[in-house]
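Trainee: Could you take me through the side-chain contacts in this model, with a close look at where the chains meet? I would like one connected account rather than a list.

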Protein chains: 2
Amino acid sequence: MRVGGAPVEFWFELASTYSYVAALRVEEAARDRGVPLVWKPFLLGPLFRRQGWSDSPFNLYPARGRYMWRDLERQCARHGFPFRKPTRFPRNSLLAARVAIAASEETWLPEFARAVYRANFAEDREIEEPAVLEGILASLGLSPGPLLDRARSDGNKERLRAQTEEAWTRGIFGAPSFLVDGELFWGNDRMEEALDWHLAGGGGER
Amino acid sequence: MRVGGAPVEFWFELASTYSYVAALRVEEAARDRGVPLVWKPFLLGPLFRRQGWSDSPFNLYPARGRYMWRDLERQCARHGFPFRKPTRFPRNSLLAARVAIAASEETWLPEFARAVYRANFAEDREIEEPAVLEGILASLGLSPGPLLDRARSDGNKERLRAQTEEAWTRGIFGAPSFLVDGELFWGNDRMEEALDWHLAGGGGER
């Protein structure tokens with residue numbers, strides 16, 4: 001085990017089903033191991049388009065999609081997380097992601113992200129509606145108006161574009177993903193392995 | 001925990017990378033839990049074609065493919081399994097799958113499957129060549145000639161087609177997959193959950 005080192009990067013998309021499960025688990029899993037963590041919001045849509053998909057692969061490939069919803073239900077039950085299948089999928093996460101990236105240096109980013117996930121996957125709410133995001137921000141004791149203005153600023157839009165581009169450049173193709181000393185781990189199922197890789201100092205379990 | 005019940009079905013494709021890891025793990029994992037297991041060979045190619053893919057998605061989507069090879073290397077290291085990246089992927093598994101389905105009732109099926117996987121993913125050998133399969137069968141103390149004749153019989157070819165069709169009908173879209181009391185689990189990562197689902201009597205961990 002080592003102490004210190006670059007934090008494990010948790011790359012998440014606010015419309016992604018398995019990112020929901022990961023977002024509710026990751027802080028405890030990292031804390032249990034004493035592993036530093038940084039939350040990195042990005043957009044999956046542009047990465048899907050680069051792979052030739054105009055929609056979520058869960059919609060494009062129905063057998064895969066049917067399985068995912070059942071598996072997600074099982075994963076949520078396993079962890080005791082609330083789940084209601086959303087009436088629309090995927091929801092547009094652009095504005096929520098802009099708020100998230102504007103909050104990259106804020107301590108409330110994880111709590112905001114989890115609230116957006118719960119709205120989408122436990123409460124079946126329209127996370128693309130500004131009013132829904134305003135309600136979430138207000139529930140965190142924040143001032144929604146100025147934060148949405150900041151989210152919509154040109155510089156912040158560009159920051160989200162750049163972070164999404166960085167995801168692709170660093171090998172990310174899906175969400176959630178973990179980057180640890182340049183090593184990529186994809187999926188909620190790889191969370192523990194990613195955190196352990198950090199503890200092993202980048203050499204993992206090899 | 002329950003004793004008995006229908007065995008857990010392990011659906012595998014002999015050209016599939018993650019099926020390799022699963023095939024080397026599954027018997028011990030099932031035995032440790034006292035869970036009965038049945039090996040079900042099928043062909044992934046026809047199921048990929050039904051999803052619009054003319055090749056493995058690991059080849060069609062290069063970012064996903066690059067990640068898979070690295071992840072596979074890590075999984076093999078983690079379990080202490082030999083691995084050498086094959087010079088061709090995917091290899092044609094048709095004849096090997098015909099041998100496997102002809103051996104569905106034979107106790108040597110798992111050992112044959114593991115030998116084919118090792119040839120493909122640890123020794124970089126051409127598993128579509130009859131001579132390679134003959135060598136594997138001979139190494140198991142079997143008579144290759146009669147077995148290959150049986151594998152190539154019309155009735156056996158039809159049996160493989162029917163089992164592949166059954167896979168699709170029952171919701172399978174990738175490999176490895178596990179079917180437990182009608183519940184589908186996809187991927188080497190879901191093995192333990194599938195086996196535990198059996199122990200819980202079909203109600204899983206819910």
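**Side-chain contacts within and between the chains**

Mentor: Happy to. Over all chains, the structure, which is a predicted model, holds 38 aromatic pairs. Take Tyr67(A) and Trp186(B) as an example: their ring centres are 6.2 Å apart and their planes stand at 90°, so this pair is edge-to-face. The cut-off behind that label is an angle over 60 degrees between the planes. The pair also joins two chains, because Tyr67(A) belongs to helix H4 (residues 62-79) of chain A, while Trp186(B) belongs to strand S4 (residues 183-186) of chain B. As for accessibility, Tyr67(A) is buried, at 5% relative accessible area, whereas Trp186(B) counts as partly exposed, at 27%.

Aromatic residues of both chains also come together in one cluster, formed by Phe48(A), Trp53(A), Tyr61(A), Phe48(B), Trp53(B) and Tyr61(B).

Now look at the arginines that sit over rings. The charged end of Arg74(A) is placed over the ring of Trp197(B), 6.0 Å from the ring centre. With the chain letters exchanged, the charged end of Arg74(B) sits over the ring of Trp197(A), 6.0 Å from its centre.

Arg74(B) brings us to the charged pairs. Side chains of opposite charge can pair when their charged atoms come close. The structure holds 48 salt bridges over all chains. In one of them, Arg74(B) is the partner of Glu183(A), with 2.9 Å between the closest N and O atoms. This salt bridge crosses between chains: Glu183(A) is in strand S4 (residues 183-186) of chain A, and Arg74(B) is in helix H4 (residues 62-79) of chain B. Both residues, Glu183(A) and Arg74(B), are buried.

Other salt bridges lie within chain B. Glu165(B) and Arg50(B) meet through their side chains, at 2.6 Å from N to O. Glu165(B) is in helix H9 (residues 154-169) and Arg50(B) in helix H2 (residues 45-50), both of chain B, so their salt bridge ties together parts that are 115 residues apart in sequence. Glu165(B) counts as partly exposed at 36% relative accessibility, and so does Arg50(B) at 44%.

Asp124(B) and Arg91(B) form another salt bridge, at 2.7 Å from N to O. Here distant parts of the chain are linked, 33 residues apart: Asp124(B) is in the loop between helix H6 (109-121) and helix H7 (130-139) of chain B, and Arg91(B) is in the loop between H4 and helix H5 (94-102) of chain B. Asp124(B) is buried, with a relative accessible area of 18%, and Arg91(B) is buried too, at 2%.

Salt bridges with shared partners also build a network, and this one takes in residues of both chains: Arg70(A), Asp71(A), Glu73(A), Arg74(A), Arg78(A), Asp189(A), Glu183(B), Arg190(B) and Glu193(B). Arg74(A), met above over the ring of Trp197(B), is one of its members.

Let us finish with the nonpolar interior. The largest nonpolar core has 53 residues, and Tyr20(B) and Phe112(B) have the most contacts inside it. Helix H1 (residues 17-33) of chain B gives the most to this core, nine residues. Leaving aside residues up to four places away in sequence, Phe112(B) touches Ala96(B), Val99(B), Ala100(B), Leu133(B), Ile136(B), Leu137(B) and Leu140(B). A second, separate core has 52 residues, including Tyr20(A), Ala100(A), Ala113(A) and Leu147(A).

Key
Residues numbered from 1 in each chain as written. Chains lettered and ligands numbered in written order. Predicted model: local features only at pLDDT ≥ 70, side-chain atom pairs only at ≥ 80, totals over all residues. Heavy atoms only, no water. Phe/Tyr/Trp six-rings, centres within 6.5 Å; stacked < 30°, edge-to-face > 60°. Helix = DSSP H or I, 4+ residues; strand = E, 2+ residues; numbered from the N terminus. Buried < 20%, exposed > 50% of the residue type's maximum accessible area, 1.4 Å probe, protein only. Lys NZ or Arg CZ within 6 Å of the ring centre and 35° of its normal. Core = buried A, V, L, I, M, F, W, Y, C linked by side-chain atoms within 4.5 Å. Contact = heavy atoms within 4.5 Å. Salt bridge = Lys/Arg side-chain N within 4 Å of Asp/Glu carboxyl O.
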